[in-house]
Amino acid sequence: MKLDDLPSDIRSEILPQHTGRLIYRCLGCGREFGIEELIYVCSDCGQVLLIHDLNFERLTKIAGTVWRRIFDYRKLLNIPALKGIYRYHEFIGPVIPLDAVVYLGEGHTPVVEANSFLQEKVGLQFYFKNDGQNPSASFKDRGMASALSYINAMVKKGKVSDVLAICASTGDTSASAALYASYLAPHIKSAVLLPHKKVTPQQLSQPLGSGARVFEIPGVFDDCMKVVEALSEDYNVALLNSKNAWRILGQESYCYEIAQDFEYEVSNMVVVVPIGNAGNITAVMSGFLKFLEAGVINGLPKILGVQSEHANPVYRYYLEPDSKKRKFKPLTVKPSVAQAAMIGNPVSMPRVIHLVEKYNQLAGSQRVFFVEVTEQAIMDWEITANRNGHIACTHGGEALAGLVEANHRGITAQNDIAVIKSTAHALKFAEFQEMYFEQQFPPEFNIKPDSDLINAPVYVQPKDLEHLPAPGKPLAGDDFKVFVRRVSDEIAGLLDLKKR
Ligand SMILES: *Cc1c(COP(=O)(O)O)cnc(C)c1O
Ligand SMILES: [Zn+2]
């Protein structure tokens, strides 16, 4: 639809007018910094930063009903810059000119209701939101679209040139960073650091295919992160990890979409996310808070953060009920099928602590919860979901297992509606499904495949069949007829088919 075809009373609001006054604010000492420079931590106290809009107050003057119409009408337009995360421009990056927006098709991922069989098994109405259907097949594209649109805006203004974007990754951040940086070639180049043998072959192929410089480092993600931090302190590079507060802004789009997907009525919802470096849950809390403050929504949903018991520092932190006694302890992770979340020292932990308190306070009661799940539960639930029409990755399985755990513990109420984030596409983590089906899990995972869920291809080659087709050597005549007959009879036998 064309802008001119929209109702006249809303037309002037559709193209973003609001200019934010964005600043970085330190979570430790509160010091503020201008956004003209790409910085990641406070130069005074070393803490992480969040981006705030000093003009946010102005957004609260617009009625919630007007905001909802703005977002809903933007959906009808064919303006690429407003098709992705910047449909919510005023809340995500109100300093990014529309012509600097990098849009590669991210965001507005499908929300798919579970079938009645699965809902009954879980005991709650729930949906998957398939963030694996983003361009690089994970939700990381939301934050990367924001970070690279910002860098692009700086390049266009002539503030920076020849940027080398760099990140450490458990696989998906690097795939996304390399993809978005490659779109801005030759102005921007990228380099990624991966823990050797700790990303899947699909994840390794992605930055290679996008033309990034790829470095593999011994150890786990936490080790890579330290190297990247040292590089970004000493050298002139743009850090694309979620330490970069622009990533968080972009990832807020996930919850704005949930609000829009559910007609802005989210008070009875449970938003379930897996936690690794904790950028995702930070963004979800921050985004819902902003929508509440602006009156776009009228209440806050519950938020459920899920961790594997093999990588559970956030869960452990919140085990202590007395907030004054809580003390964060980084821990050494064990192998997890939720490999992208195998992080013992989450960069965004200070942001989580800050936002959980604010979220619960504004909600008037505890609305953010954390649970841990076993590796076994992650695999069983992933496969169960996918046998019922979903495309969940292991982290989607983790989130579903977390919802089941939350049900058992009474965190959810009967009438709650859950939205589970499948953070990546199932295909990225196919090797864990393969280990499950072939009963090949190394003992440290502690996973015993359920025989009802195992699946394997059956090779059909009827005995004493004399002639078989081969590539470049097709069968002909009677040989071919015999081959087709015998093979189809054998398959019919295996499937127990009845004759017509
Ligand atoms: C990055 C990632 C996570 C963890 O998200 P955080 O923001 O680091 O907590 C979970 N699942 C997948 C597939 C990821 O790529
Ligand atoms: Zn500070």
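This passage describes salt bridges, a charged surface patch and selected backbone features in a predicted model.

Across the whole structure, 18 salt bridges are found. Side chains of opposite charge can pair when their charged atoms come close. One of these pairs consists of Glu57 and Lys61, whose side chains meet with an N to O distance of 3.0 Å. Glu57 has a relative accessibility of 52% and therefore counts as exposed, the threshold for that class being over 50%. Lys61 is likewise classed as exposed, because its relative accessibility is 61%.

A salt bridge with buried partners is formed by Glu90 and Arg74, with 2.7 Å from N to O. Glu90 belongs to helix H4 (residues 89–92) and Arg74 to helix H3 (residues 64–74), so this pair ties together parts that lie 16 residues apart in sequence. Glu90 is buried, at a relative accessible area of 5%, and Arg74 is buried as well, at 1% relative accessibility. Both values satisfy the criterion for burial, which is a relative accessible area under 20%.

Glu252 and Lys290 form a further salt bridge, in which the closest N and O atoms are 2.7 Å apart. Glu252 is placed in the loop between helix H10 (245–251) and helix H11 (253–261), whereas Lys290 is part of helix H12 (residues 279–293); the pair therefore ties together parts separated by 38 residues in sequence. The relative accessibility of Glu252 is 2%, so this residue counts as buried. Lys290, with a relative accessible area of 15%, is buried too. Elsewhere, salt bridges with shared partners connect Lys129, Asp131, Arg142, Glu257, Asp261 and Lys421 in one network.

Charged residues also appear in a surface patch. Arg316, Lys327, Lys329 and Lys334 make up a positive patch on the surface. Of these residues, Arg316 is located in helix H13 (residues 313–317). Membership of such a patch requires a relative accessible area over 30% and no salt bridge, so the four residues named are not partners in the salt bridges described above.

The surroundings of Phe215 were examined next. Phe215 is part of strand E8 (residues 213–217) and counts as partly exposed, because its relative accessibility is 35%. When neighbours within four places in sequence are set aside, the contacts of Phe215 are with Ala191, Val192, Leu193 and Leu194. The C-alpha atoms of Phe215 and Ala168 are 9.4 Å apart in space, while the two residues are separated by 47 residues in sequence.

Several backbone features were also identified. The peptide bond that joins Ala185 and Pro186 is cis, with omega at about 5°. Pro186 is situated in the loop between helix H7 (172–183) and strand E7 (188–195).

Positive phi values occur in two residues other than glycine, Asp162 and Glu263. For Asp162, phi is near 45°. This residue lies in the loop between helix H6 (140–156) and strand E6 (163–168), and Asp162 is classed as exposed because its relative accessible area is 65%. For Glu263, phi is about 55°. Glu263 is found in the loop between H11 and strand E10 (269–274). The relative accessible area of Glu263 is 56%, so Glu263 is also exposed.

How values were computed: Residues numbered from 1 in each chain as written. Chains lettered and ligands numbered in written order. Predicted model: local features only at pLDDT ≥ 70, side-chain atom pairs only at ≥ 80, totals over all residues. Heavy atoms only, no water. Buried < 20%, exposed > 50% of the residue type's maximum accessible area, 1.4 Å probe, protein only. Helix = DSSP H or I, 4+ residues; strand = E, 2+ residues; numbered from the N terminus. Patch = residues over 30% accessible without salt bridge, like charges linked within 9 Å, V, L, I, M, F, W, Y side chains within 5 Å. Areas by Shrake-Rupley, 256 points an atom, 1.4 Å probe, with all protein chains shown as cover. Lys, Arg positive; Asp, Glu negative; His and termini not counted. Charge placed at Lys NZ, Arg CZ, Asp CG, Glu CD. Contact = heavy atoms within 4.5 Å.
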